[in-house]
Amino acid sequence: MIKDDKLFVWHPYASAVDKNPLYAVEKAKGVYIYLDSGKKLIDGMSSWWCVINGYNHPELNKAIKQQVDKFSHIMFGGFTHNPAIQLAKKINEITPSSLQKVFFSDSGSVSVEVAMKFSIQYWYSQNKTSKKKFLTVKNGYHGDTIGTMSISDPINGMHSIFNKSLLKQIYVAKPEDARLYNKKTSKSLQQMENTLKKLNSSIAAVIIEPILQGAGGMRIYHSDYLVQLRKLCNKYNVLLILDEVATGFGRTGKLFGFNHANIVPDILCLGKSLTGGYMSLAATVVTKKIAKSISEKAPGIFMHGPTYMANPLACSVALANLNLLFSYDWEKNVKSIETILNDDLEKISKNKAVKDFRVIGAVGILEMKEKVDVGSIQKKFVQHGIWLRPFSNLIYVMPPYIISKKELKFLMKQLNTVINMEYKDL
Ligand SMILES: *Cc1c(COP(=O)(O)O)cnc(C)c1O
């Protein structure tokens, strides 16, 4: 299996001649991943934020099977269907009332591209055609397509390679670490305001990941930064896009990242855990005001329409996933995960190779002093029955919400053992 993979398949952020080990998966159930080799792993990654309710869940399986027997796909131009309508209604129910219209797409990156196009077309409809740039912060991550790369961190995103192909957007300093933030002295806020003051006539929107910057560095910032940012966007007449593709649906301890700050975005991007990790589906939600303005100004249509828009299988399983999430006390689960992550990471951080640790909701982050050797440490994780995938100098844990205390304690114990093996000379 692995031999053919090496010949024919490309993996994420990998070389075509990747030397790192690959692990073939046979099946997965709950928080367990079963490898072809017979090895059983506890999942500490939720398959990159997605699998919040565990693998192979009977309710989610049922939803998708029932829809398969009706129809798996139908073009969304001219047709509609219950899975899309019910899911849009559900998203409406759980988001602030000013957010109204849901645009479905296939992936997080596309949901952000769509948000960018909505912003530009909104200002076009307001006869402000010069407002077409995006203002964002360093260390952000919004996807891998050319448009979203232009607003993701220039260094992490290797903009140097793609320089001539990327749109030039506007970057300001990343928000201060939550523990160091002070509203009165925040340099990042000052820079944000100065830039908005100077350039607002060319800026369509500010885009940011609320409360937690994900793939751009796993950084937690203060909720008051978001409160102030919302005020600044109002003051300088630019839209605020919140990219909740990673933070949405409870991961940070609140249903959405913006709930930490009690603010409402003009455009909201959702993805990843929307379907509980069953299928790729994303949504861009816009306010009534934006929807109305775009629709009233010629040509009166929004210029986007993915082929697989609102795929019925994906919408069905997403709806079942959200219903499942609200059927138990997910907030309590996330809180209990947060407590264990805090306690255990504090202990692990005594190892001299660790620079810092931080926790928000069901995300625990170990920042190492040096870049982590992923191939080497992952081998040890697998030997010890756990699945984690570090990047750069970050080792992070974000299990499904349904993990038991006992399972999480075991995961953290094994993580501690591996760290002490991998960094034993320090
Ligand atoms: C993962 C991610 C994306 C991109 O989503 P894909 O489904 O991989 O295209 C966009 N924004 C954020 C914040 C993400 O974490």
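**Exercise 1.** In this predicted model, state whether Lys235 is buried or exposed, then describe the salt bridge between Glu193 and Lys235.

*Solution.*
1. Lys235 has a relative accessible area of 58% and is exposed, because the exposed class begins over 50%.
2. Glu193, at 22%, is partly exposed.
3. The two side chains form a salt bridge with an N to O distance of 3.0 Å.
4. Glu193 belongs to helix α8 (residues 187-199) and Lys235 to helix α9 (residues 223-235); the pair is 42 residues apart and links distant parts of the chain.

**Exercise 2.** Determine where Glu367 and Lys355 lie and which network their salt bridge belongs to.

*Solution.*
1. The closest N and O atoms of Glu367 and Lys355 are 3.3 Å apart, in a salt bridge.
2. Glu367 is in strand β14 (residues 363-368) and Lys355 in strand β13 (residues 354-360), so the bridge ties together parts 12 residues apart in sequence.
3. Glu367 is buried at 14% relative accessible area, whereas Lys355 is exposed at 56%.
4. Through shared partners, salt bridges join Asp177, Arg179, Lys355, Asp356, Arg358 and Glu367 into one network.

**Exercise 3.** Identify which side chains place an N or O atom at 2.7 Å from a ligand nitrogen and at 2.6 Å from a ligand oxygen, and give the share of the ligand's area that the protein buries.

*Solution.*
1. The side chain of Asp243 has an N or O atom 2.7 Å from a nitrogen atom of the ligand.
2. For Lys272, the side-chain N or O atom is 2.6 Å from an oxygen atom of the ligand.
3. The ligand alone exposes 380 Å², of which the protein buries 83%.
4. The surrounding shell comprises three nonpolar, five polar and three charged residues.

How values were computed
Residues are numbered from 1 along each chain as its sequence is written. This is a predicted model: local features need pLDDT of at least 70, side-chain atom pairs count only at pLDDT 80 or more; totals for chains, interfaces and linings use all residues. Side-chain values use heavy atoms; hydrogens and water are left out. A polar contact is a pair of N or O atoms within 3.5 Å; within protein, one must be able to donate a hydrogen and the other to accept it, and residues adjacent in sequence count only if both atoms are side-chain atoms. Accessible areas come from the Shrake-Rupley method with a 1.4 Å probe; for residues, only the protein chains shown count as cover. Ala, Val, Leu, Ile, Met, Phe, Trp, Tyr, Cys and Pro count as nonpolar, Asp, Glu, Lys and Arg as charged, and the others, Gly among them, as polar. A salt bridge is a side-chain nitrogen of Lys or Arg within 4 Å of a carboxyl oxygen of Asp or Glu. Helices (H or I, at least four residues) and strands (E, at least two) are DSSP runs, numbered from the N terminus. Buried means under 20% relative accessible area, exposed over 50%, partly exposed in between (1.4 Å probe, protein chains only).
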